[in-house]
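Colleague: I'm new to this one, so please pick a single pocket and take me through it closely. After that, a few words on the enclosed spaces would help too.

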Amino acid sequence: MAILKLYNSLSRKEEVFKPLRDKRVGLYTCGPTVYSYAHIGNLRTYLFEDILKRTLTYNGYRVKHVMNITDVGHLTSQADTGEDKVEMAARREKKSAWQIAAFYTRAFKNDLSRMNIMPPDVWIRATQTIKEQIDLIRILEKKGFTYKLADGIYFDTKRLKSYGRLWPKKMKLKAGARIEIVPGKKRPTDFALWKFTPKGVKRQMEWNSPWGRGFPGWHTECVVMSIRELGIPFDIHCGGVDHILIHHTNEIAQAEAAYGKPLAKFWLHCEFLDVEGKKMAKSEGNIFRLDDLIQRGFSPLAFRYLCLTCHYRSKLNFTWQSLKASQNALENLYQRTRETIPARGTSSSPSLGFKKYQKRFQEIINHDLDTPKALALLWNMTEDKKISPVEKYHLLLDFDRIFGLGLKKIKRLRIPKKVRNLVKLREEYRKKGDFKKSDRLRNEIERLGYLVEDTQTGPKIKKR
Ligand code: AMP
Ligand code: ZN
């Protein structure tokens with residue numbers, strides 16, 4: 001197997017991936033804040049994580065994948081101000097915060113399943129680990145990394161020399177400027193570990209703590225949930241690029257301050273999906289979710305295919321036209337797969353050509369998950385006359401262990417006897433040059449739901 005190399009945002013270069021514990025890999029992916037439906041940008045990130053996980057499994061590793069559900073503590077502003085997103089949605093929809101979280105969690109899981117994204121081995125909700133979060137903040141307090149303000153307990157980033165290790169250099173200057181300052185915050189980068197329930201406000205999700213009634217900060221939650229399930233350090237932590245500057249930087253800071261250890265060895269980030277060249281935004285009216293795509297007649301797997309055509313570290317510009325092209329390509333791929341399905345009992349030992357394609361595929365995908373190149377290889381392979389149909393079929397299924405486009409479910413086309421006879425008869429008329437009759441039969445075949453294609457090796461029948 002080719003060496004697996006992944007781009008580590010921490011070192012800002014590609015590194016050879018080796019698990020910390022022999023063949024087992026601990027993978028933590030930041031999950032959704034369940035206050036509304038996931039949009040296609042979010043889904044792009046979850047899909048990238050799915051490709052990563054499938055690649056690790058393909059390489060023979062046993063992956064323990066943990067994904068959290070943020071059901072409390074994610075505020076509308078990155079600056080530790082604003083409202084809790086789940087509580088706000090509860091008010092908007094006149095439901096309890098718990099109902100909101102349960103509803104959008106279900107919707108999220110349904111999206112993953114429709115996109116053929118494998119579920120994690122462990123789902124964990126932030127509200128399940130409140131006690132452990134309080135314990136972590138206590139450790140930070142004991143070690144002198146915290147201070148108290150009127151609205152909560154804050155992490156003192158100045159106290160940690162290594163703070164901001166994850167920042168690319170060009171972001172370093174901008175970081176302070178982006179974050180507005182809460183009154184009393186010593187530094188713009190300081191962040192809330194515990195927020196107090198504001199006076200006169202009745203929150204639905206709140207707990208007692210040594211500092212006062214309130215709720216945990218979003219960045220604390222992920223540290224606690226990941227360590228609880230995977231230990232510290234663990235192998236890989238993922239999310240979208242927007243998490244680099246604040247969320248993941250603050251996770252790393254807490255782990256290093258509390259335990260003197262790095263939280264994870266590899267940090268992988270997926271670039272954003274834009275729509276028709278623009279950032280998705282309410283004001284642009286271009287925030288789409290999977291159901292919007294389905295309503296316009298697209299299959300969720302066409303969107304999956306579209307994501308695969310772009311490397312995860314490049315921006316993906318979503319357009320309806322590119323989605324249409326992906327849907328066509330996917331249908332084409334299904335047809336090619338159908339044509340290569342071997343008859344029962346057919347077996348063959350892999351030829352040199354087969355092994356060459358498999359090896360090349362592994363090299364490509366193990367080079368930082370290069371799915372666009374891997375797709376190009378797949379199409380070349382299907383055209384290669386030196387590879388037999390049986391081998392093509394087995395290569396397609398092998399590649400699809402990573403692509404996840406559902407090729408295994410493609411069944412042989414069962415053509416009714418009536419259609420087969422009509423095709424035979426039409427071929428006889430065609431050979432005799434009686435095109436009037438052969439065209440009439442073609443129409444009849446079409447009416448029965450099939451298409452005939454005249455090829456050098458004889459007529460081919462497809463579903464219409
Ligand atoms: P959130 O629910 O806002 O925490 O986002 C869930 C995941 O989607 C996070 O990993 C984000 O980094 C990621 N994400 C948010 N917006 C986009 C986008 N436009 N394109 C790709 N990923 C995104
Ligand atoms: Zn997180």
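Modeller: Let's start with what builds the wall of the second largest pocket: helix H10 (320-340), helix H12 (371-383), helix H13 (389-403) and strand E14 (450-455) each put in at least two residues. Helices (H or I, at least four residues) and strands (E, at least two) are DSSP runs numbered from the N terminus. The top contributor is H10, with three residues. This is a predicted model, so local features need pLDDT of at least 70 and side-chain atom pairs pLDDT 80 or more, while totals for chains, interfaces and linings use all residues. Residues count from 1 along each chain as written, chains are lettered from A and ligands numbered from 1 in written order, and side-chain values use heavy atoms, without hydrogens or water.

On a 1 Å grid over the protein atoms alone, a pocket is an open set of points with protein on both sides within 12 Å along at least five of seven lines; a cavity is a set where a 1.4 Å probe fits but cannot get out, and lining residues have an atom within 4 Å of a point.

This pocket holds about 530 Å³ (the space filled by probe spheres on points joined across faces, edges and corners). Its lining runs to 13 residues, and if you want to find the middle, look for Glu-339, Thr-382, Lys-385, Lys-392 and Lys-460, which lie nearest the centre. Sorted by class, seven lining residues are charged, five polar and one nonpolar. Here Asp, Glu, Lys and Arg are charged, Ala, Val, Leu, Ile, Met, Phe, Trp, Tyr, Cys and Pro nonpolar, and the others, Gly among them, polar. Domain 2 (275-409) and domain 3 (417-463) both contribute to the lining, so the pocket sits between them; the bounds come from an automatic or database domain assignment.

Now for the enclosed spaces. Searching the whole structure turns up four cavities of 30 Å³ or more, and the largest has a volume of about 100 Å³. Around the largest cavity you'll find Arg-44, Leu-47, Phe-48, Ile-51, Cys-270, Cys-307, Leu-308, Cys-310, Tyr-312, Leu-369 and Thr-371. Helix H1 (40-58) and helix H9 (300-308) each supply at least two of its lining residues, with H1 giving the most, four. The class count here is nine nonpolar, one polar and one charged. This cavity also falls between domains, because domain 1 (5-270) and domain 2 (275-409) both give residues to its lining.
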